[in-house]
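Hi,

Here is the structure for you to look through. Please open it first, then read my notes below.

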2 protein chains.
Amino acid sequence: MQGMLIRHAEPSDYQPIIAVVNEWWGGRQMADMLPMLFFMHFRPTSFVVENKGKIVGFVIGFVSHTFPEEAYIHFVGVHPEFRKDGVAGALYEKFFAAVAKLGCSIVRCVTAPINKGSIAFHHRMGFTAKDSEKIVDGVPVVEGYDGKGEDRVLFSKILDVERN
Amino acid sequence: MQGMLIRHAEPSDYQPIIAVVNEWWGGRQMADMLPMLFFMHFRPTSFVVENKGKIVGFVIGFVSHTFPEEAYIHFVGVHPEFRKDGVAGALYEKFFAAVAKLGCSIVRCVTAPINKGSIAFHHRMGFTAKDSEKIVDGVPVVEGYDGKGEDRVLFSKILDVERN
């Protein structure tokens, strides 16, 4: 993260990010999961990392309206060339601090079982996967959580609110 | 709407809805736009209509965190056999009342230019399309609003807050 800047995600960040997001995922079609609304309406809890004026990572999340003490991370993305630099971790820490200030004590997110890198990252960041009867490669998976064929690992993490 | 019940959308409504949503759209792939998170975290401003215990329509929306006086409607769906019964209009009115109580004075949403039924509906509901240089069938369209190839009509409506 040396020399990098972390700041709130702005609506104007959407077009440069959506243009490269499938590429960052090695060709997986991710853009459909990321309509403009997330950049427009969740600025207070969404962040980007810039390196020399270019965005190399972002996190989109929000405070739940149903459960005001819960925050949810919808999307995190890092430029493939910056994946060992702690960018995703720094974005998550920024998000944790922002939602703790807004009264949240728990952070949730979901990931696809195929995304081994994401699963390992969430374990490193202190997330726990919700139990399920279905286990894939040692990880509990909720079948069809996001609709038919869309299995997900459900992660949560209790925030250590005192540190903030 | 005679004999029908309108109530908040619950997380438990997600699976029955996601199983039929592509079908309700005549086979268009809509399910990717509707992950579980919308039913989980935006209950206070999301509603379903039931007819004889079966869901025949729903609206998913939220109050913007970036612009607290703005509300956003992400998704509205009505069972094809119930499209002339005022279900979508009733869902929108319920949403308007809910977000007005939460301090909103404007409601926004976007739709695809191909969705003529949606465009006509929003005009009937008092929405105005944002100006754009590109006009398709008389309607202003913002090119690539939701990413490359994803043109959208941008609708907004000022709420008549006094009535609430």
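**What I found**

In this predicted model, the C-alpha centres of domain 1 and domain 2 of chain A lie 18 Å apart. Domain 1 of chain A covers 1–104, and domain 2 covers 105–164.

Start with where the domains touch. On the domain 1 side of chain A, 14 residues are in contact with ten residues of domain 2. Two elements of chain A each give two or more residues to that side: β4 (70–78) and α4 (87–101). The largest share comes from α4(A), with eight residues. By type, the residues on this side of domain 1 of chain A are ten nonpolar, one polar and three charged.

Now the sheet. Chain A has an open sheet of seven strands with mixed pairing, in the order β1-β2-β3-β4-β5-β9-β6. Which strands stand at the edges? They are β1 (5–8) and β6 (128–129) of chain A. Each has a single partner strand, so one side of each is left without a neighbour in the sheet. For β6(A), two bridges lead to β9 (residues 153–158) of chain A, and the two strands run antiparallel. There, T128(A) stands opposite S156(A).

The helix α4(A) also packs on this sheet, touching β1, β2 (47–51), β3 (54–63), β4 and β5 (106–111) of chain A. Its direction makes about 35 degrees with that of β3(A).

Last, the two chains. A turn of 180 degrees and a shift of 0.0 Å along the axis lay chain A on chain B, with an RMSD of 0.0 Å. The two copies are thus related as by a two-fold rotation axis. Of the interface residues of chain A, 100% are also interface residues in chain B, so the copies meet through the same surface.

Best wishes

Key. Residues are numbered from 1 along each chain as its sequence is written. Chains are lettered from A and ligands numbered from 1 in the order in which they are written. This is a predicted model: local features need pLDDT of at least 70, side-chain atom pairs count only at pLDDT 80 or more; totals for chains, interfaces and linings use all residues. Domain bounds come from an automatic or database domain assignment. Two residues are in contact if their C-beta atoms, placed from the backbone, lie within 7 Å. Helices (H or I, at least four residues) and strands (E, at least two) are DSSP runs, numbered from the N terminus. Ala, Val, Leu, Ile, Met, Phe, Trp, Tyr, Cys and Pro count as nonpolar, Asp, Glu, Lys and Arg as charged, and the others, Gly among them, as polar. Copies are superposed by least squares on the C-alpha atoms of residues with pLDDT of at least 70 in both. Two strands pair if DSSP finds at least two bridges between them. Axes are lines fitted to C-alpha atoms, for helices over the stretch in contact, and angles run from 0 to 180 degrees between N-to-C directions.
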